[in-house]
Amino acid sequence: YSLIAVAALAATVASGVIYLNVAFPKVGPAAEIEVPEDPELVARGQYLANHVSVCIDCHSERDWSYFAAPVKAGTEGAGGERFTREMGFPGEYVAPNLTPAGVGEWSDGELIRAFTTGVDRDGEPLFPMMPYGSYAHMSQRDREAIVAYLRTLAPIETAHPDSETDFPMSLIMRTIPAEAPAPSAPPEGDELARGRYLSLIGGCYECHTPQDHGTPLEGMDYAGGFEFGMGEGRITRSANLTPHPSGLGSWTREQFISRFRDHRGEPQAIAPDAGQTPMPWRMYAGMSDEDLGALYAFLQSLPAVDHGVVKFESRP
């Protein structure tokens, strides 16, 4: 009987694996879209990809000998940055090449589907470190703007290895992609709506909300504490952005904006054992004062959450 039970269990598991591989991701075909080659659209996409949604940050090589690891000149959009098991990821991930040498054969609709729903041009799931759940909130015009900009990047030939995902995440991630809504841009003149929009498509919610196995903790929106493995036992945690004294409660609007402006200068070298952060300060520093002000206004409107965060820690 034990052999029969084992065989039955194996058959059940095999059926489940087959089902997940066949039925998921549940995302429809890419829309047939042709993004116009419009200078205004490209300029908007350049701003978003470099200073708000910071696509170029992850899809370039970064120099970790400087604080906040600025992008290495000449690698913009070419991918190659690695996210490893040592950093706490369930696999080995390599950022793909977004220049025309990497995605030149992708249609505009396939690119938009990838960064808003989480599936590649072949319908295979993308690991959710690529924040497609956040980019799903992006307006259609901003989605097209990013594509228009990516098409203008200098083609850089690369030979990156394929990413690898460990079991069972290789199956779980198939269930995560979802159809993206069709949100509109925030109403003109509504600063709070604009700030909320920027906080979503800019990754603030994604990185500053603590999670339990990928699920945001209830009542902890923007309260910080999300952990980033930096290798060699080093941990960095995101800051509390709510208006509690343990967060941004004492910050003025000007102080908040200046915190970003301070990173518009030359990058600062750091010691190998100093606290490091994946927060791409130099990229976010390029946001306009108007957008930073709207972001501040939105964050100040949030419920204050008492959550002191130890930003840097080293573990044995």
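Below is a short conversation about how some labels in this predicted model are reached.

Me: What should I keep in mind about the model and its numbering?
Reply: It is predicted, so local features need pLDDT of at least 70 and side-chain atom pairs count only at pLDDT 80 or more, while totals for chains, interfaces and linings use all residues. Residues are numbered from 1 along each chain as its sequence is written, and side-chain values use heavy atoms, with hydrogens and water left out.

Me: Why is Arg174 called buried or exposed?
Reply: Buried means under 20% relative accessible area, exposed over 50%, and partly exposed in between (1.4 Å probe, protein chains only). Arg174 has a relative accessible area of 6%, so Arg174 is buried. You will find Arg174 in the loop between α8 (169-172) and α9; helices here are DSSP runs of H or I with at least four residues, strands are runs of E with at least two, and both are numbered from the N terminus.

Me: And why does Asp273 get its label?
Reply: Asp273 has a relative accessibility of 67%, and therefore counts as exposed. Asp273 sits in the loop between α11 (253-261) and α12 (281-284). Asp273 and Arg234 are 39 residues apart in sequence, with 8.8 Å from C-alpha to C-alpha.

Me: What makes the pair Arg174 and Glu124 a polar contact?
Reply: The term asks for a pair of N or O atoms within 3.5 Å; within protein, one must be able to donate a hydrogen and the other to accept it, and residues adjacent in sequence count only if both atoms are side-chain atoms. The side chains of Arg174 and Glu124 make such a contact at 3.0 Å.

Me: How do you know that β7 and β8 pair?
Reply: Two strands pair if DSSP finds at least two bridges between them. Strand β7 (residues 234-237) and β8 have three bridges, in the antiparallel sense, so the condition is met. Ile235 is found opposite Glu313 in β8. The open sheet has three strands in the order β6-β7-β8, with antiparallel pairing, and its edge strands are β6 (227-229) and β8 (312-314), each pairing on one side only.

Me: Why are β1 and β3 called edge strands?
Reply: Another open sheet of three strands has the order β1-β2-β3, with antiparallel pairing. β1 (82-83) and β3 (164-165) each have a single partner strand, so one side of each is left without a neighbour in the sheet. β1 joins strand β2 (residues 91-94) over two bridges, with Phe83 bridged to Tyr93 in β2. Two bridges also join β2 to β3, where Glu92 has Glu164 as its bridge partner.

Me: What makes up the lining of the second largest pocket, by residue class?
Reply: Ala, Val, Leu, Ile, Met, Phe, Trp, Tyr, Cys and Pro count as nonpolar, Asp, Glu, Lys and Arg as charged, and the others, Gly among them, as polar. On that basis the lining divides into six nonpolar, two polar and eleven charged residues. The largest share, four residues, comes from α9.
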